[in-house]
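User: Please take a close look at the second largest pocket: which residues and elements line the second largest pocket, and how do the lining residues divide by type?

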Amino acid sequence: MADDKMLKFVVRDQSYPAKRAPELRAKDFREIADRYALPSAEDQAGRCSQCGVPYCSVHCPLQNHIPDWLRLTAEGRLREAYELSNSTSTMPEICGRICPQDRLCEGNCVIEFSGHGAVTIGSVEKFITDTAWEQGWVEPLVAGPARGQSVGIIGAGPAGLSAADYLRALGYDVHVYDRHDRAGGLLTYGIPGFKLEKEVVMRRVERLAAGGVQFHLNFSVGEDATLDDLRSRHDALLIATGVYKPREIKAPGIGSDGVVEALDFLTASNRKSFGDAVPAFDDGSLNAAGKNVVVIGGGDTAMDCVRTSIRQGAKSVKCLYRRDRANMPGSQREVANAEEEGVEFVWLSAPEAFDANGDGHVTAVRATRMRLGAPDASGRRAPEAEPGGEFRLDADLVVKALGYDAEDLPKLFGAEELGVTRWGTVRVDHQTMMTNLYGVFAAGDIVRGASLVVWAIRDARDVSQKIHAWLKQKARAEQVAA
């Protein structure tokens with residue numbers, strides 16, 4: 001019976017794919033763990049309890065049919081498992097690699113609550129789709145019947161790529177505009193290869209291009225064309241740019257040489273992995289080799305920076321975070337991986353000033369110990385300085401990883417009339433996802449602020465349906481008018 005393959009969590013231990021030894025993986029940018037062999041994937045999928053209320057799916061932004069494709073995997077019906085997984089996500093193998101499952105599906109697994117250890121959902125999801133690519137089960141993108149309408153998408157990150165996939169399949173001509181020389185956005189330049197190898201992203205981009213999605217790279221809206229120019233070219237526009245304005249620290253010495261932005265640091269590293277010429281890396285400005293590195297922040301971007309620094313051959317790597325380990329926003333798995341690789345975490349600490357030498361280059365971070373006080377408006381206990389808690393960390397390179405806010409898109413796009421909120425995010429009607437500009441929609445981080453890749457994919461799925469409905473209505477109205 002099929003049920004004989006399930007409910008094995010009592011007799012079968014949780015097991016993730018084996019990680020390479022820390023001293024080995026710290027020497028390269030390959031992913032740190034291989035995927036399951038088939039028997040192991042089936043065994044781990046079979047630990048699912050098939051509970052009546054699947055909290056894993058409830059807490060997945062995409063509402064993936066997790067118990068169903070776990071059952072299919074356990075039964076050896078891998079192609080069906082892939083097809084079901086693929087039905088709710090345009091990038092299941094990417095989500096399987098980079099989603100914070102410990103905060104989402106796995107963190108809400110009923111088995112986790114029972115003390116038996118969550119089903120390894122992300123690793124199984126990665127295994128299913130990697131196998132599908134190898135076996136040729138990932139079908140080409142086939143455009144639906146031509147509608148004679150086009151959609152322009154600004155931004156080739158996860159939201160833009162996902163929307164392009166859905167809209168092209170619905171029969172629209174789709175043009176994607178991006179200021180970088182490669183598509184993928186954060187997936188390509190923001191996330192290091194040890195979490196997401198770049199060929200995994202590029203094969204998704206290549207599938208879209210082969211399906212007729214037209215990419216306009218090295219294209220800056222506001223310089224190469226204004227927003228109005230693009231509106232005149234397309235029946236609808238989607239803004240899916242993400243948020244890239246780094247949050248700042250107000251402290252003496254913050255402008256010293258060697259105090260750099262996280263995304264600049266990660267982009268330089270990823271470009272080197274592609275074989276690009278990166279002068280700022282080669283001259284040492286964005287290269288941690290031989291340096292005492294201090295990364296400021298406690299999110300997943302900070303974890304990417306500390307682990308990248310290790311791989312670049314830093315002399316020492318410390319992560320400075322103002323709250324404790326239990327209250328950090330980043331993945332606990334990433335913290336554990338970083339610690340294994342030699343990163344030192346300095347909890348409950350915040351920077352006060354940055355010392356520099358006579359040439360203006362940073363030499364140290366002056367910091368203070370913190371304690372957690374009363375909860376703030378968000379419900380989290382607010383950090384406050386400990387009296388007499390000052391200390392100093394040597395630093396040749398300081399990486400600021402404090403998160404991101406929305407850029408000034410009205411100014412950037414040459415569209416001062418584009419409505420934004422007081423936080424700078426694009427203002428939309430949440431029923432239609434349309435901005436105050438007729439035919440211009442927005443989705444992803446640029447609407448909700450900084451968020452997860454999986455949320456961007458979910459938003460792209462939803463806004464694609466709204467654009468589709470609006471364009472059909474527009475076409476009918478034009479037919480009646482004619």
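Analyst: What follows describes one pocket and its lining.

The model is predicted, with pLDDT of at least 70 needed for local features and 80 or more for side-chain atom pairs, while totals for chains, interfaces and linings use all residues. Residues are numbered from 1 along each chain as its sequence is written, and side-chain values use heavy atoms, without hydrogens or water.

The second largest pocket has a volume of about 600 Å³. A pocket here is an open set of points on a 1 Å grid over the protein atoms alone, where a 1.4 Å probe fits, with protein on both sides within 12 Å along at least five of seven lines. The volume is the space filled by probe spheres set on the points, which are joined across faces, edges and corners.

The lining of the second largest pocket consists of 26 residues, each with an atom within 4 Å of a point. Nearest the centre of this pocket lie I32, R97, R333, E334 and N337. Two or more lining residues come from each of α6 (92-98), α8 (121-135), α15 (300-311) and α16 (332-340); helices are DSSP runs of H or I with at least four residues, numbered from the N terminus. The largest share, four residues, is given by α16.

By type, the lining holds eleven charged, nine nonpolar and six polar residues. Charged means Asp, Glu, Lys and Arg; nonpolar means Ala, Val, Leu, Ile, Met, Phe, Trp, Tyr, Cys and Pro; the others, Gly among them, count as polar.
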